[in-house]
Each structure stands twice: as structure tokens, then as C-alpha cells.
Amino acid sequence: NLLAEAEKGRAVGTMRFVHNNPIGFPMDSDFPLTDYMKTHGISRALEIGRFVIHKDVSRDSRNTVAFGLFKCLYDYCCETGIYDIFAVTRGEYLKKYRMPGVDVIGRPFRYSKPLSGGLWVPVHCNIREAYQNYLKGVETSARVG
């Protein structure tokens with residue numbers, strides 16, 4: 001688990017990830033993730049199971065909290081050598097993650113669980129590739145701006 005804190009230790013965001021293990025991932029109940037990994041030669045991965053930013057965080061601060069959590073995830077991946085990340089995200093959020101290194105790997109589906117309305121989409125992220133592309137974009141916009 002990763003925790004983002006504001007001043008005075010107030011929790012403002014969290015990210016939970018699960019390592020692959022012999023019984024599979026939680027995501028396997030809705031998408032055949034373990035089978036996907038086998039067919040794509042992926043032996044080690046993480047599944048992001050929860051990614052939440054507190055509703056009281058201002059719109060301007062949300063990006064900072066999100067970037068901080070993803071940067072910590074990237075650092076963890078570099079330490080462990082695990083670069084394949086899987087998640088299920090809402091279809092309307094896909095445009096936020098659209099970049100080389102992040103790919104939709106399945107068709108949109110509806111959860112049968114309460115409070116999970118809307119369509120959800122399974123995604124795969126090679127976090128090293130995505131981060132390198134992010135940095136290229138920052139360098140490009142710094143030169144233009």
C-alpha cells in the first residue's frame with residue numbers, strides 16, 4: 001500500500017497493489033489476467049487493486065497526489081524489477097492514461113457488485129515505458145513553453 005499525506009499527516013490518497021501469487025490476482029475473477037500473462041511471457045506483475053484520492057482534495061491538487069503515488073509505484077517497481085502493472089479502470093478515465101506503455105487488454109464490462117456502475121476496462125502498463133514517455137512529453141513541453 002502507498003499513502004499520500006498532506007500537511008499534519010492528513011491522508012489524501014492511497015494505492016493498493018497485489019503481487020502475483022499461485023492463486024492468481026483479484027482481477028482474475030473478472031478478466032483472465034493470469035492467462036493473459038502466460039500468453040504474453042509475463043512472469044512477475046502487480047495489480048493495482050485500489051487507487052483513491054480523497055474527495056476533499058482540490059481539483060488542482062488531485063494531479064499532484066496522483067503523480068506522487070504513481071512516482072512511488074515507479075520507484076518501487078525499479079527496486080523490485082517488476083515493470084508490468086495491471087488494473088481495471090472506468091472507461092471514461094482511459095483518456096487520462098492514453099500514452100505509449102499503457103494498453104487496453106480487454107473489452108469493457110460491467111461489475112455485478114454494488115457501487116460499481118459504468119463500464120470498466122482492463123489495462124496493462126509497462127511502467128518503465130510509460131514513465132519514459134511521460135518524461136519525453138515533459139521535456140518537449142518545456143522546450144515549447
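Before looking for surface patches, I noted that such a patch is made of residues with over 30% relative accessible area and no salt bridge, and that like charges are joined within 9 Å. I also kept in mind that this is a predicted model.

**Entry 1, surface patches.** I looked up the charged surface and found a positive patch formed by R59, R62, K95 and K96. Of these I followed R62, which sits in helix 2, residues 59-80, and which counts as partly exposed because its relative accessibility is 30%. I then turned to the nonpolar surface, where F67, Y134 and L135 make a patch of about 250 Å². F67 also lies in helix 2, and at a relative accessible area of 37% I have entered F67 as partly exposed.

**Entry 2, aromatic rings.** I asked myself how many aromatic pairs the structure holds, and the count came to five. One of them is F31 with Y36, whose ring centres are 6.3 Å apart and whose planes stand at 50°, so I recorded the pair as tilted. Both F31 and Y36 are buried. I also noted that F31 and Y36 form one aromatic cluster together with F86.

I next examined F51 and F70, whose ring centres lie 5.0 Å apart with the planes at 65°, so this pair is edge-to-face. The pair links distant parts of the chain, since F51 belongs to strand 3 (residues 46-53) and F70 to helix 2, 19 residues apart. For burial I wrote down that F51 is partly exposed at a relative accessible area of 29%, and that F70 likewise counts as partly exposed, at 27% relative accessibility.

**Entry 3, salt bridges.** I searched for salt bridges and found that the structure holds two. In one, the side chains of D75 and K71 meet at 2.6 Å, taken from N to O. Why are D75 and K71 separated by about one helical turn? I traced this to their positions, because the two residues are four apart in helix 2. D75 is partly exposed, with a relative accessible area of 31%, and K71 is partly exposed as well, with 27%.

The other bridge I recorded joins R90 and E92, with the closest N and O atoms 3.9 Å apart; I checked this value against the cut-off, which asks for a side-chain nitrogen of Lys or Arg within 4 Å of a carboxyl oxygen of Asp or Glu. R90 counts as partly exposed at 22% relative accessibility, and E92 counts as partly exposed at 45%.

Note on methods: Residues are numbered from 1 along each chain as its sequence is written. This is a predicted model: local features need pLDDT of at least 70, side-chain atom pairs count only at pLDDT 80 or more; totals for chains, interfaces and linings use all residues. Side-chain values use heavy atoms; hydrogens and water are left out. Patches are made of residues with over 30% relative accessible area and no salt bridge: like charges are joined within 9 Å, nonpolar side chains (Val, Leu, Ile, Met, Phe, Trp, Tyr) within 5 Å. Accessible areas come from the Shrake-Rupley method with a 1.4 Å probe; for residues, only the protein chains shown count as cover. Lys and Arg count as positive and Asp and Glu as negative; His and the chain ends are not counted. The place of a charge is taken as NZ of Lys, CZ of Arg, CG of Asp or CD of Glu. Buried means under 20% relative accessible area, exposed over 50%, partly exposed in between (1.4 Å probe, protein chains only). Rings of Phe, Tyr and Trp (its six-membered ring) pair if their centres lie within 6.5 Å; planes under 30 degrees apart count as stacked, over 60 as edge-to-face and the rest as tilted.
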